[in-house]
Structures are given as C-alpha cells and as structure tokens.
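This report covers unusual backbone geometry, helix packing and internal space in one protein model. Please read it alongside the sequence and coordinates.

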Amino acid sequence: MQTESTLGVHSAKRIVNVLGEPGSGKTLYAATASRDPRKIFIIAADPAGLETLSTNKIDIAFRAVSNANPFGDVVKTVMELSKLKPFPYTTVVIDDVSSLQLMVKNWLLVAHKEELTSKKTGAIDTRALFGRLKDRMQTLILIIRDLPCHAVWLAWTKDATTNEHGEIMKLGGPLVEGATSDWLLGFASVNILLRLAKVPGAEGKGIVWKREVRTKPFGGFALKNRIGLPDPMPYDLVPGGNDGPLEWSHGLVDILTWGRKPTTRPAPPLHGALG
C-alpha cells in the first residue's frame, strides 16, 4: 500500500542506530528526533524508556510491545502505521532492539518449544532457535525500514575491546545476537554512540552525559560481533565541529534533517534524568 510521507521532498529517509549502555540517554536523545514530539512514534520494548519520557514530561505517541507475542505485536503495529494516510510521523523509534530481540527469543522458546526441541536429545536445538530468531528480526527490520519515515533503532552496546593500557581499540557493537547486528549496521546511514563523560552537572549535582557522533556510509563497517571506530562525520554535519562532543541542544533532528535548509530553532529542551 502506498503511503504519503511527511518528510518533504528535500529530506531523504534515514535509518539511524543509537547505541549506548543502559541509562546512557538513548530514549531522551530519540525524543529530539523532531522539534514537534507529535511527529514521533515509539515502539516500546523497554518500559524504562517510557518511564524516562514520563519523568521528563515528554508526551510522545507509543505502543508497548506485549510479551505474549512480541513479534506479532510489532508486525501488527507496523501494518497499522502503514495504513495511515497522510502519514502523521516523521520518525519511528524502536526502544530498544536489544530488549525486543530478547522478548522474541523468549516467546519462541515458549510458543515453538515443541518444534525447537531435538527429538534425539530432548533439548532445545539452538541452531533452529537462532535461525527462527534471525528470520523474525530481519522481518521486523525490513518492514520498519519500508515505512515512509525515518527509523531510529536504539540498542545497548557490547563491552568495548581495550588494550593493555585500557585504551579503547574497538567499540562494542549492538547488543543483539546472531546476524541481527549485521543487518542493523548494514542498513544504517548513521550510527550514533552515546558515552558517559564524568562532568559535574549544574551546581555540582549529578553528571552530564555527552555523546560522540561518528558514521560511515552503507557497507563501510566491519560487521559481525564488533565494529571498529567509524570515521567522524563531515565537519558541517556536526554543529560546532568535531573538536568537542555535541551538547544536548543539538538533537537527533539535526542528523535526520541534514541536507535540508539549516534552521536556528532549538531542539526541545530536555531536563532531568536520562534513560
């Protein structure tokens, strides 16, 4: 079914991965995908993300994924979204793919236990399990990719690889199992890495999270279990240049709308706890 897009003729549809440890600010960063929160829709697999939005009084449309049948639930949600005309959202956010894959895996172990159990050993056939898991996650990636809007996949990160001096040699890729990592990185036009900088917040309270934004085009990543540190973005893509981390005033919307006419309007103000 053909669906109209609200992106406009000057904005290419982008697929973005936002990677970070739990609590690194992924959900709040996703909330900056549009200067109008009504243009964002969240497929919520992690309740912590919804709690973060509620705590910060950010009102964004969402659909919580059910544990009863997470795969079917997401498919139904995407199909319902695809029928909306004109399409009301500029960005669909999956919060987060690590939690979603785990939900689908647990569902397979329950709903398809008989088919996945080896007749020889009586144990779960892990090869069959991960084959089905791969098929279902790839299906979700493809149908969300085909929506007429940006797609933002939030994901936890694997542990980074360090040398004997503690210096990071390779950043951990998305915390997902099997070939799903390859698909996420392969389809993405931008990968955004959120990392903690231990800087005191206002009046010495708490800490300030800063993010590092690096990217390569399609096919430019070393895939599989780890990703090498990608090249920095072009200077004109990162507000303020590459000399320091992006501040929260420069939201995800600046990445999604890169190439359109620049705007001086600030992204939505974000305060309080990050999630």
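Asp96 sits in the loop between E4 and H4. The peptide bond that leads into Asp96 from Asp95 is cis, with omega near -5 degrees. The model is predicted, and local features such as this one need pLDDT of at least 70.

A further cis bond runs from Lys85 to Pro86, with omega near 0 degrees. Pro86 belongs to the loop between H3 and strand E4 (91-95). Lys57 is another point to check on the backbone. Its phi is near 55 degrees, a positive value in a residue other than glycine. Lys57 lies in the loop between helix H2 (47-55) and strand E3 (61-64).

**Helix packing**

Three helix pairs are set out here.

| Pair | Axis separation | Angle |
|---|---|---|
| H3 and H4 | within 8 Å | roughly 125 degrees |
| H4 and H6 | 10 Å | about 135 degrees |
| H6 and H7 | within 9 Å | roughly 20 degrees |

Take H3 and H4 to begin with. H3 covers residues 70-82, and its axis crosses that of H4 at roughly 125 degrees. The two helices are therefore oblique to each other. H3 brings Pro70, Phe71 and Val74 to the contact, and H4 answers with Leu100, Met103, Val104 and Trp107. By class, this contact has seven nonpolar residues, with no polar and no charged ones.

H4 also packs on H6. H4 spans residues 97-111, and the angle between H4 and H6 is about 135 degrees. That value makes H4 oblique to H6. The crossing is right-handed. On the H4 side, the contact uses Val97, Leu100, Gln101, Val104, Lys105, Trp107, Leu108 and Leu109. H6 meets them with Leu129, Phe130, Arg132, Leu133, Arg136, Met137 and Leu140. The residues of this contact divide into eleven nonpolar, one polar and three charged. Leu100, Val104 and Trp107 of H4 appear in the contact with H3 and in the contact with H6.

How do H6 and H7 lie, parallel or antiparallel? Their axes cross at roughly 20 degrees. That makes H6 roughly parallel to H7. H6 passes H7 in a right-handed crossing. Met137, Gln138, Ile141, Leu142 and Arg145 of H6 make the contact with Thr180, Trp183, Leu184 and Phe187 of H7. Six of these residues are nonpolar, two are polar and one is charged. Met137 takes part here and in the contact of H6 with H4.

**Internal space**

How many cavities of 30 Å³ or more does a search of the whole structure find? The search finds one. About 30 Å³ of space lies in the largest cavity.

Which residues line the largest cavity? They are Ile15, Asn17, Ile141, Arg145, Trp153, Trp183, Leu184 and Phe187. By class, six are nonpolar, one is polar and one is charged. Strand E1 (15-19), helix H6 (126-145) and helix H7 (180-187) each supply at least two of the lining residues. H7 gives the largest share, three residues.

The cavity lining and the contact of H6 with H7 overlap. Ile141, Arg145, Trp183, Leu184 and Phe187 are among the lining residues. These five residues also belong to the contact of H6 with H7.

Note on methods:
Residues numbered from 1 in each chain as written. Predicted model: local features only at pLDDT ≥ 70, side-chain atom pairs only at ≥ 80, totals over all residues. Heavy atoms only, no water. 1 Å grid on protein atoms, 1.4 Å probe; cavity = no way out; pocket = protein on both sides within 12 Å on 5 of 7 lines; lining within 4 Å. Points joined across faces, edges and corners; volume = space filled by probe spheres on them. Helix = DSSP H or I, 4+ residues; strand = E, 2+ residues; numbered from the N terminus. Nonpolar A, V, L, I, M, F, W, Y, C, P; charged D, E, K, R; others polar. Axes fitted to C-alpha atoms, helices over the stretch in contact; angles between N-to-C directions. Parallel < 35°, antiparallel > 145°, perpendicular 65-115°, else oblique. Left-handed = near helix turned anticlockwise from the far one by under 90°. Contact = heavy atoms within 4.5 Å.
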